[in-house]
Amino acid sequence: ERSNLAGVRHILLVLSGKGGVGKSTISTELALSLRHSGKKVGILDVDLCGPSIPRMFRVQDNDVHQCDSGWVPVFVDQDKSISLMSIGFLLEKPDDAVVWRGPKKNALIKQFVADVAWGDLDFLIVDTPPGTSDEHISTVEALRPYKPLGAILVTTPQAVAVGDVRRELTFCKKTGLRVLGIVENMSGFVCPHCSECTNIFSKGGGEELAKHAGVPFLGCVPLDPQLSQSLEEGRDFIREFPKSAAFPALAHIAQQILDGMSQPSS
Amino acid sequence: MAEAAGGPRPRECPGTSSAQAGRAAACQGCPNQRLCAAGAAAAEAAALRERLRGVRHTVLVLSGKGGVGKSTFSALLASGLAADEAKQVALLDIDICGPSIPKMMGLEGEQVHQSGSGWSPVYVEENLGVMSVGFLLSSPDDAVIWRGPKKNGLIKQFLRDVDWGEVDYLIVDTPPGTSDEHLSIVQYLGAAHIDGAVIVTTPQEVSLQDVRKEINFCHKVKLPIIGVVENMSGFICPKCKNESQIFPPTTGGAEKMCQNLNISLLGKVPLDPQIGRSCDKGQSFFSEAPESPAVSSYRSIIQRIQEYCDQHQFQEEKII
């Protein structure tokens with residue numbers, strides 16, 4: 001029997017260790033960037049307590065349906081180029097809290113990995129909650145037979161965030177997950193009134209960490225309130241704000257991943 | 001009370017009054033197992049209550065959403081309360097995977113010491129003690145890759161084995177979410193008491209949607225909510241002094257949410273780059289940037305929390 005992940009060409013995880021650095025935002029923007037390069041992308045949201053992905057695509061009220069091979073992912077557009085799975089779709093009410101201990105979370109994650117009928121995808125992006133616990137251990141274990149490409153680690157520049165991301169790097173090493181690179185998010189804010197750039201959350205910590213750990217640095221993404229607004233409202237950011245300071249950074253990150261595909265893996 | 005079933009004890013029975021009663025490997029299948037386990041749980045609850053007897057007020061700092069500033073707020077709340085040298089303050093960090101408190105309090109590299117009366121908290125000031133898994137790790141790269149049950153075990157140890165002594169305020173910093181750590185801390189501290197929870201959010205809907213879940217969690221476990229703090233609420237450009245909403249409150253921010261849910265909004269704290277810098281350096285933001293508008297926001301919020309705790313105590317005393 002063909003596994004539900006047999007048609008998925010590449011699996012990438014988006015990790016952090018630190019909460020609130022923009023994992024879901026980067027996952028969403030990366031998916032949109034890859035789609036604009038003509039790829040079919042799925043996003044699997046394994047943040048069971050705080051599922052942010054559905055709202056970013058404005059499909060938070062959608063339901064999930066079953067088919068013969070399992071759950072049908074939610075498509076966000078007519079041409080079905082982006083599909084999603086998240087616990088957000090399974091909740092009766094959006095404010096329902098998922099107050100589960102580890103074992104129950106683990107069981108759902110295994111189902112999410114095995115029972116979603118993704119079909120053929122170029123990329124499956126797995127968005128994770130912060131930490132190095134049940135969700136992360138279970139996701140990596142469940143994905144192992146499908147040989148994920150690797151992980152992108154997201155941080156913000158300040159030391160307090162970098163401190164947690166160092167631990168996530170250790171998690172990757174211990175679980176044999178290849179680190180594709182580090183993204184430094186919320187890296188600088190350009191005042192829309194006077195164009196002065198302020199490093200609200202410091203600067204440079206992500207790049208330094210990448211150097212220290214010997215992993216690729218994929219780039220800095222600046223703070224852009226238009227980006228926050230757009231994602232809040234589920235708009236297609238890449239199409240709407242090509243002039244934004246964050247756009248070139250995001251497109252560059254996506255390009256590095258695509259370039260990595262054309263190279264033989266070490 | 002159910003009668004104990006008959007039958008011989010298992011060969012390696014740990015003893016019906018031991019801490020392992022009902023839980024040791026030998027207990028599997030013993031007809032008394034459930035009874036023994038319940039008894040052990042009651043004994044454990046009693047031990048926790050005893051250990052926490054000297055704690056007058058306990059405040060949990062929660063969110064649901066990561067990265068909104070729980071640890072920053074916890075650290076500043078503890079420091080703010082400890083500014084009164086007559087108060088004894090304790091800060092417990094139960095974020096096992098991402099312990100930020102040691103760094104923020106300038107205590108990186110410190111280790112925990114054992115004494116006859118248990119683990120000693122690490123003291124920032126004479127009247128401000130801290131405990132975190134960060135003090136048990138030997139390198140900043142060490143990752144704590146534990147599943148739920150092991151995390152719960154450490155949280156229990158933090159409450160049972162740390163010699164907190166007489167404490168006016170115990171502040172508990174939590175990780176994001178509504179999972180093992182949150183269930184466990186409410187369960188274990190329930191043996192003593194919790195004054196309530198302060199919930200931290202940022203203005204945008206992506207945070208509020210997680211915070212509403214956290215509020216539901218509090219209702220489910222009957223944890224009183226002291227109020228909500230809206231962090232990163234507006235940024236003043238240091239050059240032109242104009243305000244920008246970096247995290248725009250597209251659905252009305254914490255204010256609207258609190259109105260809808262009938263919860264107190266304790267205050268709004270603006271984004272000030274000096275906050276992050278002080279945390280990174282492990283120095284008190286209050287002393288580093290006393291002129292910042294964020295300082296007065298924090299002070300007013302801390303005062304409201306103190307008032308709530310004092311009222312709460314007064315009511316308890318009335319009942320007694």
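In the predicted model, 4 salt bridges are counted between chain A and chain B. One of the pairs that join the chains is formed by the side chains of R101(A) and D180(B), with a nitrogen-to-oxygen separation of 3.5 Å. A network of salt bridges further links D134(A), E141(A) and R147(B). In addition to these charged pairs, 23 residue pairs are in polar contact between chain A and chain B, both residues being at pLDDT 80 or more. On the side of chain A that touches chain B, at least two residues each are supplied by α2 (53–56), α3 (102–114), α4 (134–143), α5 (159–175) and α7 (225–232) of chain A. The most is given by α5(A), with 9 residues. Classified by residue type, that side of chain A comprises 23 nonpolar, 20 polar and 15 charged residues.

The extent of the interface was also evaluated. The size of an interface is often expressed as the accessible area that is lost when the parts come together. Between chain A and chain B, the buried area is about 4,700 Å², and carbon and sulfur atoms give 56% of it. Within the area that chain A buries against chain B, 15% is supplied by R101(A), R167(A) and E232(A), more than by any other three residues. R101(A) is thus named both among these three residues and in the salt bridge with D180(B). In terms of residues, the contact draws 58 from chain A and 59 from chain B.

The surroundings of D180(B) were examined in more detail. This residue is found in helix α5 of chain B, which covers residues 180–189. With a relative accessible area of 1%, D180(B) is buried, because the limit for that class is under 20%. When neighbours within four places in sequence are left aside, the contacts of D180(B) in chain A are W100(A), R101(A), G102(A), K105(A) and D134(A). Its contacts in chain B are G148(B) and N152(B). D134(A), a contact of D180(B), also belongs to the salt-bridge network that includes E141(A) and R147(B). The helix that holds D180(B) is mostly covered, with 9 of the 10 residues of α5(B) buried. In addition to D180(B), the buried residues of α5(B) are E181(B), H182(B), L183(B), S184(B), I185(B), V186(B), Y188(B) and L189(B).

On the chain A side, helix α7(A) has L227(A), S228(A), S230(A), L231(A) and E232(A) as its buried residues. E232(A) is also one of the three residues singled out for their share of the area that chain A buries against chain B. G234(A) follows α7(A) and has a positive phi, near 65°.

Over all chains, a search of the whole structure finds 19 salt bridges. Side chains of opposite charge can pair when their charged atoms come close. Within chain B, D168(B) and R56(B) form a salt bridge in which the closest N and O atoms are 3.0 Å apart. This pair links distant parts of the chain, since D168(B) lies in strand β7 (residues 167–173) and R56(B) in strand β1 (residues 55–62) of chain B, 112 residues apart. The two partners fall into separate accessibility classes: D168(B) counts as buried at 12% relative accessibility, whereas R56(B), at 38%, is partly exposed.

A salt bridge is likewise formed by E205(B) and R212(B), whose closest N and O atoms are 3.0 Å apart; both of these residues are buried. In a further pair, the side chains of E255(B) and K268(B) meet at 3.0 Å, N to O. Because E255(B) lies in helix α7 (residues 253–261) and K268(B) in strand β12 (residues 265–268) of chain B, this salt bridge ties together parts that are 13 residues apart in sequence. Relative accessibility is 38% for E255(B), which counts as partly exposed, and 36% for K268(B), which is also partly exposed.

The search for disulfides over all chains of the structure finds 0. C13(B) is in no disulfide, and the nearest cysteine sulfur, that of C27(B), is 6.4 Å away. With a relative accessible area of 26%, C13(B) is partly exposed. C309(B) is also in no disulfide; here the nearest cysteine sulfur belongs to C218(B), at 15 Å. C309(B) is buried, its relative accessible area being 0%.

Key. Residues are numbered from 1 along each chain as its sequence is written. Chains are lettered from A and ligands numbered from 1 in the order in which they are written. This is a predicted model: local features need pLDDT of at least 70, side-chain atom pairs count only at pLDDT 80 or more; totals for chains, interfaces and linings use all residues. Side-chain values use heavy atoms; hydrogens and water are left out. Contact means heavy atoms within 4.5 Å. Buried area is the accessible area (1.4 Å probe) that two parts lose on being put together, summed over both. A polar contact is a pair of N or O atoms within 3.5 Å; within protein, one must be able to donate a hydrogen and the other to accept it, and residues adjacent in sequence count only if both atoms are side-chain atoms. Helices (H or I, at least four residues) and strands (E, at least two) are DSSP runs, numbered from the N terminus. Ala, Val, Leu, Ile, Met, Phe, Trp, Tyr, Cys and Pro count as nonpolar, Asp, Glu, Lys and Arg as charged, and the others, Gly among them, as polar. Buried means under 20% relative accessible area, exposed over 50%, partly exposed in between (1.4 Å probe, protein chains only). A disulfide is a pair of cysteine sulfur atoms within 2.5 Å.
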